[in-house]
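The exercises below are meant to be worked with the sequence and the model side by side. Please try each task before reading its solution.

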Amino acid sequence: MENTNHITQTLTSYSNLENVIISGTSTISNVLITDIMSNSKKKEVALAKSIACTVFSEYGYGVREISRLLSIDHKGVSVYIGSHDNRMADRKYLIKYNKVKAFVENYEFSNEVSLNRMNEIASKVAGIEAQYEHCLLYTSPSPRDATLSR
């Protein structure tokens, strides 16, 4: 129970995409999130970890970041990613991997993600506008202005 509470608290600090990858892998692989984020060496858990590591890697996450997200040492992450091509020969793995990828891609194109991205862009624009709101444009006087002021 304590481990479950810790993982729940950890997941709340993750981005939406990170949660989608982890929960999608868990649901599709039929492996508990607590098992994915544990030291379990069971075959099904190892397959789920390999899928999650590979998907994170494909979305630009580095080995150390994946290690932190899934509570796996960085060498283990490298092994899971490196074994992905060999695991693709396993039909069950291939099917689960493709389902997780589709699940994550569908989430990416959902209205929720689009709305979140629009809100992020709007807040960035507002921040940029605030930086330059008090900025005065300085122009040197034109030669005409110089003749009038003399």
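Angles between axes are sorted into classes: under 35 degrees counts as roughly parallel, over 145 as roughly antiparallel, 65 to 115 as roughly perpendicular, and the rest as oblique. Helices (H or I, at least four residues) and strands (E, at least two) are DSSP runs, numbered from the N terminus. The model is a predicted one, in which local features need pLDDT of at least 70 and side-chain atom pairs count only at pLDDT 80 or more, whereas totals for chains, interfaces and linings use all residues. Residues are numbered from 1 along each chain as its sequence is written, and side-chain values use heavy atoms, with hydrogens and water left out.

**Exercise 1. Describe the chain as a whole.**

Begin with the secondary structure: the chain holds ten helices and zero strands, which gives the pattern α-α-α-α-α-α-α-α-α-α along the sequence.

Next consider burial, where buried means under 20% relative accessible area, exposed means over 50%, and partly exposed lies in between (1.4 Å probe, protein chains only). Of the 150 residues in the chain, 34% are buried. The accessible surface, computed by the Shrake-Rupley method with a 1.4 Å probe and, for residues, with only the protein chains shown as cover, comes to about 10,200 Å², and carbon and sulfur atoms account for 56% of that surface.

Finally, take the contacts, a contact being heavy atoms within 4.5 Å. Among contacts between residues at least 6 apart in sequence, 59% join residues at least 24 apart.

**Exercise 2. Determine how α4 is oriented towards α5 and towards α6.**

Two packed helices are described by the angle between their axes and the distance between the axes. The axes here are lines fitted to C-alpha atoms, for helices over the stretch in contact, and the angles run from 0 to 180 degrees between N-to-C directions.

Take α5 as the partner to begin with: the axes of α4 (residues 43-58) and α5 (residues 63-70) come within 10 Å and cross at roughly 135°, and therefore α4 and α5 are oblique to each other. Their crossing is right-handed, meaning that the near helix is turned clockwise from the far one by less than a right angle, an anticlockwise turn being left-handed. On the α4 side the contact involves A52, C53, F56 and S57, which meet I66, L69 and L70 of α5. By class, this contact has six nonpolar residues, one polar and no charged ones, where Ala, Val, Leu, Ile, Met, Phe, Trp, Tyr, Cys and Pro count as nonpolar, Asp, Glu, Lys and Arg as charged, and the others, Gly among them, as polar.

Then turn to α6 (residues 74-82), which packs against α4 at an angle of about 90° with the axes 8 Å apart, so that α4 is roughly perpendicular to α6. Here A46, K49, S50, C53, T54 and S57 of α4 meet V77, Y80 and I81 of α6, and the residues of this contact divide into five nonpolar, three polar and one charged.

**Exercise 3. Work out which residues join α2 to α8, and place T25 in that setting.**

The axes of α2 (residues 16-29) and α8 (residues 91-108) come within 9 Å and cross at roughly 145°, and the crossing is right-handed. From α2 the contact draws on N16, L17, V20, I21, G24, T25, I28 and S29, and from α8 on K96, K99, V100, F103, V104 and Y107. These residues divide into eight nonpolar, four polar and two charged.

T25 lies in α2 and is buried, with a relative accessible area of 0%. Leaving aside neighbours within four places in sequence, T25 is in contact with V20, N30, I36, A48, I51, A52 and V100.

**Exercise 4. Which residues have a positive phi although they are not glycines, and how accessible are they?**

One is N30, with a phi of about 60°, placed in the loop between α2 and α3 (33-36); at 73% relative accessibility, N30 counts as exposed. Another is S71, with a phi of about 55°, in the loop between α5 and α6; S71 is partly exposed, with a relative accessible area of 41%.

**Exercise 5. Which residues does H74 touch, not counting those up to four places away in sequence?**

H74 lies in α6 and is partly exposed, at a relative accessible area of 31%. H74 touches V63, R64 and S67, and the C-alpha atoms of H74 and V63, eleven residues apart in sequence, are 5.9 Å apart in space.
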